[in-house]
Every structure is written in C-alpha cells, then in structure tokens.
Amino acid sequence: MEMSEENLFPSKANADDDSHNDQETEKEILESIAQEDENLASNDLNHSRKKALLEFRCRVEDAILSNYLLGKSHGKSFSRGNYRAKENLRDITLWGIPLLPSNGHEGTDVVLMKFLKAKDFKVSDAFHMLRKTLEWRMEINAEGIHEENFGPDLENMGYINGVDKRGRPVGYNVYWSINDKEVIKKRFERKEKSKEYLKWKVQFMENGIQKLSFKPGGVDSMIQITDLKNTPGPGPAMREILCVSKKTMLLLHENYPGLVFRNIIVNVPLWFLAFHVLHSMFINQRNKSKFIFARPSKVIETLLKYISPENIPVQYGGLKIENDVDFSPDDKVLEFNVKGGGIENIQIPMAEVGVTVVWDVTVVGYEVSYKDEFVPDDDCSYKILLHNEKKMGETVRNSFHIREPGKIVITIVNRTFKKKRVFMRYKSKPTVPLYNFSSR
C-alpha cells in the first residue's frame, strides 16, 4: 500500500530565493536539451540543411546500389566483412538501422543526420566519415563483439545503470579500482592490453546502442559518466591511462558521432582539466561542449541537472540501489528545501497498523545532521528514537513496523549558510513485524 503525497508534511513552507534560482537553472538546461533534440528532426531543418540531407541520402543510395560504399574495389574482401556482393550491400546496416534510404526505414535519416552534424552538414566529409566507420566496424567485427569475454578486470570498469530525464541510458566508467601501479602497467602499458581495453570500450558502446531506438523524436544517444575518484596523480602510471583515454576519445569521436549526448567527468582533479584542454584540440566546438566537469563537492549537484535522483546511484548521492527490493525508479521522489541555518521536520502520518513503512532520504552535498523517530498519537505511549542525530554523509534508508497510529518524524538540521535540497521517497506495505535500523 502506498501513501498519497498529501500525507507527508514538512514542518513549514520554506521556498527561499535560492530555490527559485536553482529550479530556473535546471529548467533552462532541460529546455536547451530539448531544443537540441528537436534540431535533429528532419522536419525542423532549415532549407540548406534539408538540402544537405537530401544530397547525402542520394549519395548513400547511389553508393550502395553501385556497390562502392565500402570502396570502389567491387567485391573487395574484408577480414571479417560480410558485404562482398551487391545483393548483401543492399542490406547493410549501421547500429541496427538499414542505410539504404529507399528502404524507407524511419531510423535511416536519424543515423545519417548524426554524420552530417558531426561534419557541419558538409556532405562529402560526412560521406567519407560514414565509409570509414563502416570499414572500421568490419575490421574489428563490431557486430559480433557482444560475444567476446574480456574478463572481470575490464568488465568491472564500466556498466550501464538507469536513464536520464529524457530516457537516455546512462553509462558509468569507473577508474577508482585502478590504484595499483602494477595493475595499471599490466593493463595499459603493453600494446596488446591497450588494444584489448579499446575493444572492451567498443563492446561497452555497442551494449549501450542496443538500448537506443533511432526513431524521429526518440532516444538516439546516451550519457556517459567517468569517475576519476582515487585515480593516481600525474606520473608514469597515470600517463598510461591518459594515453589510452586519448585513443578512446578519438575512437568514439570518429566512429560514434552524436551517440554520446554528454560526457560528464566527476571527481575531477585539477591537473586533469589541463590534460583535457591540451588533448581535445582535434574535437570540434560542438563536441567540446558535450564535456561537463564536476569537482568532488559538485558531483551530485551536477548529475541532478541531467538525471533524476531515483536514477542516480547511492554512491553518487542519489537514491538508486542495485537490485532494490523496496523501491523502483517509478516510485515518486519528493523534494524539500532547508534554508541555511534552518531545521526541517518532515512528517509521515501512519494511521494504519500492521504495516511497515520504508523511506529513503538524501541531501545534496550532505553537511547536515539527520535524525528520525516514531511519535505515537497516544500521549501515553513512548516515542521511539530510530536514529540518533548525526552528521549525514550518505543516503539514508530506514524502515519501521507500525504497531499503533502515529507518525514518522524526520529531522534535518542545516547548520551551514547555504540552502540544502532534500530528496525523499517512502512506501508502506503489509508485513510481519520487522525492524531494520540501517543506513546505506
């Protein structure tokens, strides 16, 4: 049984000026994102871009029907290619989408537009990029790379978890496990190991692409988050990582145009910003703008601009727990604000007995104190303290079995001068008496 939103009351109205400003900033970001999405739709293009798309379609059509899309060698054999004959070339696809425009597939223009945008709508450059991408995919067997096993050492470095506010899949790249110089040397210094990492990165991208639709107005890109927490500082060990990272950046730039909507780099050390400036000169301004950097104190604040709290993992200050048995991303998350130097009491009235109420609470940036207790309606009954007041340093989950009518009271004490955003969700369900006084 779920309670209605009206059953949960903050102790007072607290809409201060900062709240309005933050919401406006986030709103503006979402509007700009939506506008960028709409610019991809062919019916919204201006005349010159419509002309470029039509010319690109005709050129791809002719290259496929004349069997020279992969070069003018007429039957040239690629090491792992399957398109050796004209009949097969008619069926050629990219990211699961047919490339022959006359087939009338709704995703063909979406794919072609990504190459046009990458080359500022210069048809010849876009065609050359498309051809190079197709040749590269056959050389590395991109279509069959899903079946390759790279072992847990690499597979633990990346995963796809949740979606952003527009439904895009979110991929996480974690380097914090690389804290041993010998492991780094073994993984990246040798050329064959470096190539193995790049192939794993291709597999990671291909797995994300399987979650895209490539329909007009649909989800046709993803967000990538790279976590630099605990990575080694400047030196030989880090130099190996940065070298491979540069190759990875170039690989994605040349062969996956428009598929990464934002690259969000979190827990960024200052020295890495200098590295990025020096090694992004080959990227055009449009793609440079896709890189977002967040210092450790701004991680959750940055992620919330693009991803809802229920889809942000708890290790980044969100509410998402892997294999969660209590909540799903569909459960509503409520937001409150606590003014600087203020105290907020959030109450969850519970009139029904024999149920267990479960709740999650997270505060952007933490730096507040947290306490929760059960307060019975009967004045003759005793309050039950669930959490003593303590400084909050992580997302809190707690539950309590209701034996008598009352309310759960959550107290947030903000001793800083800055307003704090509080996110919480809750749920109740019939259950046997169970006490779980734990936080995660």
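**View 1. The buried residues of helix α2 in a predicted model.** Welcome to α2, a helix in a predicted model. Its buried residues (under 20% relative accessible area, with a 1.4 Å probe and protein chains only) are A52, L53, F56, V60, E61, A63 and I64. Looking down the axis of α2, you find these residues within an arc of 165°, judged by the directions from the helix axis to the C-beta atoms, so they line one face of the helix. An α-helix has 3.6 residues a turn, so residues three or four places apart point the same way.

**View 2. The other face of α2, and its length.** Turned away from the buried side are H47, K51 and L54, which are exposed (over 50% relative accessible area). Helix α2 (a DSSP run of H or I, at least four residues) covers residues 47-65. From first C-alpha to last, its 19 residues reach 27 Å, close to the 27 Å expected at 1.5 Å times one less than the number of residues. After α2 comes N67, with a positive phi near 65°.

**View 3. An open sheet of five strands.** The strands (DSSP runs of E, at least two residues) are ordered β4-β5-β6-β7-β8, with mixed pairing. Two strands pair if DSSP finds at least two bridges between them. At the edges, β4 (158-163) and β8 (291-294) each pair on one side only.

**View 4. Strands β5 and β6 side by side.** Strand β5 (residues 169-174) runs parallel to β6 (residues 222-227), and five bridges join them. Look for N173, whose bridge partner in β6 is T226.

**Reading notes.** Residues are numbered from 1 along each chain as its sequence is written, and side-chain values use heavy atoms, without hydrogens and water. Local features need pLDDT of at least 70 and side-chain atom pairs count only at pLDDT 80 or more, while totals for chains, interfaces and linings use all residues.
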